[in-house]
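Subject: Handover of a structure and findings

Dear colleague,

Please find below the structure I am handing over to you, with its sequence. I would be grateful if you could read the notes after it alongside the coordinates.

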Amino acid sequence: MAISMGGKGETPMSDINTTPLVDVMLVLLIIFLIAVPVAIQTIEKLEIPVMESIESKDKVENLLLTVSTTDAAGRSAGEPGFEGASRSGECRVYFNNITPVTSEQLYDQAFARLDAIVTRAGGPEAIMQNPDQIPQVHIRGDVNAPWRCVAGAIYNVQAAGYPTVGFISNPVEPGI
């Protein structure tokens with residue numbers, strides 16, 4: 001390996017060596033390829049209603065809930081052998097689409113989350129000055145989940161202080 005120190009009218013070489021940068025970027029790419037599917041775990045085998053809907057602005061602060069029921073054999077979504085929600089099954093609510101919670105836990109966690117967001121914004125008066133900062137609740141409800149399960153989730157998050165509750169659905173395909 002040699003270095004050019006300049007000589008008769010030559011200028012020193014000032015190019016950046018990009019090899020370490022490329023190596024770091026490839027390592028980061030591999031890490032993200034492995035980490036992202038793990039971070040985006042959601043409940044599978046959920047039949048979401050198909051209807052016309054408008055796309056909402058999704059914010060990090062929005063609370064995502066999945067509402068389902070146990071199947072005929074009493075298994076919850078996410079368990080091996082789950083055959084889909086049953087109308088006569090027990091209600092199951094998943095906080096941020098992953099963590100199963102009871103009604104009391106849903107209220108407590110939703111309240112604590114909203115309180116932290118309002119405190120971070122500078123209090124209720126500050127967040128009311130900019131209504132776009134107020135988080136929403138988005139519910140993914142299984143088609144076969146009884147209304148009592150969905151209504152219970154809505155009641156708990158509204159009691160915790162969330163003013164806006166919306167539903168996530170599969171959009172209608174054009175031309176059908």
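The notes below cover the strands, one helix and the salt bridges in turn.

Please bear in mind that this is a predicted model.

Strands and hairpin

Strand β1 covers residues 63–69 and strand β2 covers residues 91–95; the two pair in the antiparallel sense over 5 bridges. Within this pairing, L65 has F95 of β2 as its bridge partner. Strand β3, residues 99–101, also runs antiparallel to β2, and 3 bridges join these two strands. Here F95 stands opposite T99 of β3. F95 thus has a partner in L65 and another in T99.

β2 and β3 form a hairpin with 3 residues between them. Two residues of this loop deserve your attention for their backbone angles. N96 lies in the loop between β2 and β3, and its phi is near 55 degrees, a positive value in a residue other than glycine. N97 is placed in the loop between β2 and β3 as well; phi of N97 is near 65 degrees, again positive in a residue other than glycine. As to accessibility, N96 counts as partly exposed at 32% relative accessibility, whereas N97 is buried, with a relative accessible area of 8%.

Helix α2

Helix α2 runs over residues 103–121 and has 19 residues. From its first C-alpha to its last it reaches 27 Å, close to the 27 Å expected at 1.5 Å a residue. Which residues of α2 are buried? They are L106, A110, R113, L114, I117 and V118. Seen down the axis of α2, these buried residues fall within an arc of 130 degrees, so they line one face of the helix. This arrangement can be read against the general geometry: an α-helix has 3.6 residues a turn, so residues three or four places apart point the same way.

The buried residues of α2 pack against β1, β2 and β3, and also against α3 (124–129) and α4 (147–159). On the other side of α2, E104, T119 and R120 are exposed. Just after α2, G122 takes a positive phi of about 110 degrees.

Salt bridges

How many salt bridges does the model contain? The count comes to 3. In general terms, side chains of opposite charge can pair when their charged atoms come close.

D71, R75 and E83 are linked in a network of salt bridges. The side chains of D71 and R75 meet at 3.2 Å, N to O, and those of E83 and R75 meet at 3.3 Å, N to O. The members of this network fall into separate accessibility classes: D71 is buried, with a relative accessible area of 3%; R75 counts as partly exposed at 24% relative accessibility; and E83 counts as exposed at 63% relative accessibility.

A further salt bridge joins the side chains of E90 and R92, at 3.5 Å from N to O. E90 counts as exposed, at 52% relative accessibility. The cut-off for exposed is over 50%. R92 is partly exposed, with a relative accessible area of 23%.

With kind regards

Key. Residues numbered from 1 in each chain as written. Predicted model: local features only at pLDDT ≥ 70, side-chain atom pairs only at ≥ 80, totals over all residues. Heavy atoms only, no water. Pairing = 2+ DSSP bridges. Helix = DSSP H or I, 4+ residues; strand = E, 2+ residues; numbered from the N terminus. Expected span 1.5 Å × (residues − 1). Buried < 20%, exposed > 50% of the residue type's maximum accessible area, 1.4 Å probe, protein only. Arc of directions from axis to C-beta. Contact = heavy atoms within 4.5 Å. Salt bridge = Lys/Arg side-chain N within 4 Å of Asp/Glu carboxyl O.
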